[in-house]
Structure formats: structure tokens, C-alpha cells
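Here are some short exercises to work through with the model open beside you. Try each one yourself before reading its solution.

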Amino acid sequence: MRISTCPCFMQDLIGLEGDEVVQYVPSAGEKLEDMTDQLRKRMMKKRKVKTLSFAITNDVCIEVNTYALIRPTAPGTITWLDSISNLPLKTERSFICNDTGALLQAPQERFQLYNDKVVKFSVRELSDVKRVSSHHLRLLGFKPLDCLKDYHNLSPSTFIYPSDEQIFGSTRVFVALHSSMLRLGRFALAFYGTPTRPRLVALVAQEEVISSSGQDEPPGMHMIYLPYSDDVRYPEEVHLTSGDAPRATDEQIKKASNLLRRIDLKHFSVSHFANPGLQKHYGILEALALGEDEMPDIKDETLPDEEGLARPGVVKAIEEFKAAVFGENYDQEEAEAAAAKGG
């Protein structure tokens with residue numbers, strides 16, 4: 001929101017004279033923008049995902065909270081209900097003897113055939129064998145920030161912040177580690193996960209950013225989930241000479257630029273389009289909750305704008321681009337039939 005003018009009666013009311021009015025107008029606009037930012041911060045509640053034990057060394061362990069920053073919105077989890085009572089069902093597992101059909105208790109030991117010998121393990125021994133670390137998060141070492149590449153961030157990161165609820169002094173240790181990483185330009189390499197799904201993470205320190213409206217970015221660390229070796233693909237390198245690679249002519253580039261200008265979306269934002277899958281999901285839930293027989297019609301806003309593409313200027317730009325690339329007498333159906341026949 002911007003304030004463009006200041007009426008005379010407002011000047012007398014506030015007590016401004018001369019150049020003070022010119023200075024007051026921009027400052028008032030900034031104050032209103034700051035108030036909007038503060039209101040948005042108060043509306044968005046910060047909810048922690050879980051509390052982790054962060055092992056710095058074998059003898060030093062602190063407590064940190066994790067927060068989810070940006071996550072894709074997905075439908076809720078499926079809950080199986082009983083068809084008669086409509087109550088949630090509970091899954092139970094039982095062991096049945098193949099010979100007698102009697103109900104058995106869970107076996108206390110497991111066995112593994114190794115070198116023609118049966119090796120027995122207890123449940124606790126198997127748990128100890130699978131355990132990689134005794135803590136949720138364990139520090140392994142440090143590396144320069146240049147070693148962390150953009151393609152290493154495959155999934156949304158998690159923000160971690162210290163907590164003194166269970167372990168007193170966690171904030172002091174965290175602040176010391178955080179300031180040292182910022183000063184030396186390093187990120188921490190750590191182990192995170194459970195014995196069934198261990199993985200490496202990178203802890204990148206973030207410095208606090210403060211503006212006139214308050215705190216824009218809090219101090220803390222971003223936990224980036226590093227990819228496994230098979231997550232990184234190495235596509236085959238194709239060496240093409242200048243004669244083999246197709247090159248667009250100046251006329252084709254000109255027609256393509258004109259087409260892009262015609263179909264360019266002004267002030268595009270992903271927030272302007274609703275997720276059709278989520279809209280259909282919640283529409284069905286609403287119809288079931290209200291006992292309606294007909295399902296609501298959901299408008300898919302992600303489909304192409306047929307009316308906009310049918311405008312004379314857009315149609316002309318498309319035809320000129322097709323003629324510049326494929327020629328005047330190009331028939332798409334004949335080209336697809338010839339390509340299928342050749343294949």
C-alpha cells in the first residue's frame with residue numbers, strides 16, 4: 001500500500017510543515033508495509049516437526065528442534081474404516097504354526113544361514129547390529145561451502161534451531177558452532193536418520209537478517225538431505241560438430257521471439273492457480289460429509305487457455321513460426337505417419 005498525497009487538513013493535524021511532508025509520505029508507506037509483514041508473520045504459526053538429539057562429540061550432545069519450511073501440499077493419509085461401525089481398523093500380525101494351525105507367539109530369536117551353519121540372533125542383537133548411531137543427528141566433520149553443489153539439494157530442507165527444554169546449555173553450544181561455521185565458511189557433514197534409512201545431511205549455517213520491520217531471517221542451520229550415489233545421473237556426452245548440430249536461422253529466431261511475446265503471461269505467479277488434484281480430493285470429501293449425491297465440478301485452471309490462443313494475433317504468430325521451421329506445405333499427420341512407418 002502506497003500513500004501518494006497528504007491533504008492539507010492532515011498536515012495541520014499531524015503538525016507537519018514544509019519539507020517534513022515530503023519525508024513523511026514515504027515513511028508512512030514503509031510503516032504500512034512493515035505492519036503487513038508483521039501481520040503475516042503472526043498469522044503463520046511456527047510448528048516444530050520433531051526434537052532431535054544432536055551429538056557434537058561422544059561426550060557432548062545438545063537438543064535441537066526441526067521446522068519444515070516449504071513442503072508440497074498433498075492429500076491426507078488414508079484411514080481404513082469398518083464398513084458397519086465406521087470405526088478405524090487396527091492392523092495386527094499373528095504367527096500361525098503350519099503343522100497344527102495353533103497361534104504362536106512372536107519368535108524371540110532369528111537365524112541366518114552362513115557357511116552351512118545356522119547363526120542365531122536375538123531381537124536385541126539384531127537391533128544393535130542395524131544401529132548406525134545412538135543419536136538422531138551426529139556430527140561427522142566439516143567441509144568448505146564450495147563443495148556443496150546446487151544439485152545436491154534434491155528434497156526440501158529442514159530448519160533446525162536449538163532448545164534448552166531437556167538439555168540445558170544446548171543454545172550456547174549451538175551458537176558457538178554456528179558462529180564458527182559462518183566465520184570459517186564451512187558447512188557441517190552429519191549423519192541423520194534411523195537404522196532402517198540412514199543418510200548423510202549437510203548443515204548450512206544461516207546468519208540473522210534484520211530489517212526495519214523486524215527479523216526477516218532467523219539464525220540457525222538448514223539441514224540439506226544429500227543424495228545417494230545412484231541419485232546423481234551422469235548422462236552420456238554427445239560430441240557434435242558444427243555441421244551435425246541443427247542451427248536455427250535468424251528468421252526462425254525472430255518468429256520464435258514474436259510468438260513468445262504474444263503468449264507471454266503477464267505477472268505470472270504459481271499462487272494464481274489452484275492444484276486440481278487437491279481441489280477434486282477436498283471436493284469429494286465435502287460431498288461425502290454433506291451427504292450429496294453429485295460430485296462437484298472442479299475447474300482445472302492449469303489447462304491451456306483456448307480462448308487466448310485463438311486470438312488472431314496469436315494464431316498468426318503460431319502459423320508464421322510453423323512455416324519458418326517446417327515449411328509452407330507441412331502436414332503434421334503425414335509426418336507422423338511417415339515417422340511411424342520408418343520406425
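The exercises below cover salt bridges first and strand pairing afterwards.

This is a predicted model, in which local features need pLDDT of at least 70, side-chain atom pairs count only at pLDDT 80 or more, and totals for chains, interfaces and linings use all residues. Residues are numbered from 1 along each chain as its sequence is written, and side-chain values use heavy atoms, with hydrogens and water left out.

**Exercise 1.** Find the salt bridges (a side-chain nitrogen of Lys or Arg within 4 Å of a carboxyl oxygen of Asp or Glu) and trace how they connect.

*Solution.*
1. The count comes to 2 salt bridges.
2. E251 and K255 form a salt bridge with an N to O distance of 3.6 Å. These residues lie 4 apart in helix α5 (residues 250-262; helices are DSSP runs of H or I, at least four residues, and strands runs of E, at least two, numbered from the N terminus), so about one helical turn separates E251 from K255.
3. E320 also bridges to K255, with the closest N and O atoms 3.5 Å apart. This pair links distant parts of the chain, since E320 sits in helix α8 (residues 312-326), 65 residues from K255 in helix α5.
4. Shared partners join E251, K255 and E320 into one network.

**Exercise 2.** Describe the surroundings of strand β10 (residues 197-206).

*Solution.*
1. Of its 10 residues, 7 are buried (under 20% relative accessible area, 1.4 Å probe, protein chains only), so β10 is largely enclosed by the rest of the structure.
2. Strand β9 (residues 186-194) runs antiparallel to β10, joined by 7 bridges (strands pair if DSSP finds at least two bridges between them). Here A188 stands opposite L203.
3. Strand β13 (residues 220-225) also pairs antiparallel with β10, over 6 bridges, and H222 is the bridge partner of V204.

Key: Buried < 20%, exposed > 50% of the residue type's maximum accessible area, 1.4 Å probe, protein only.
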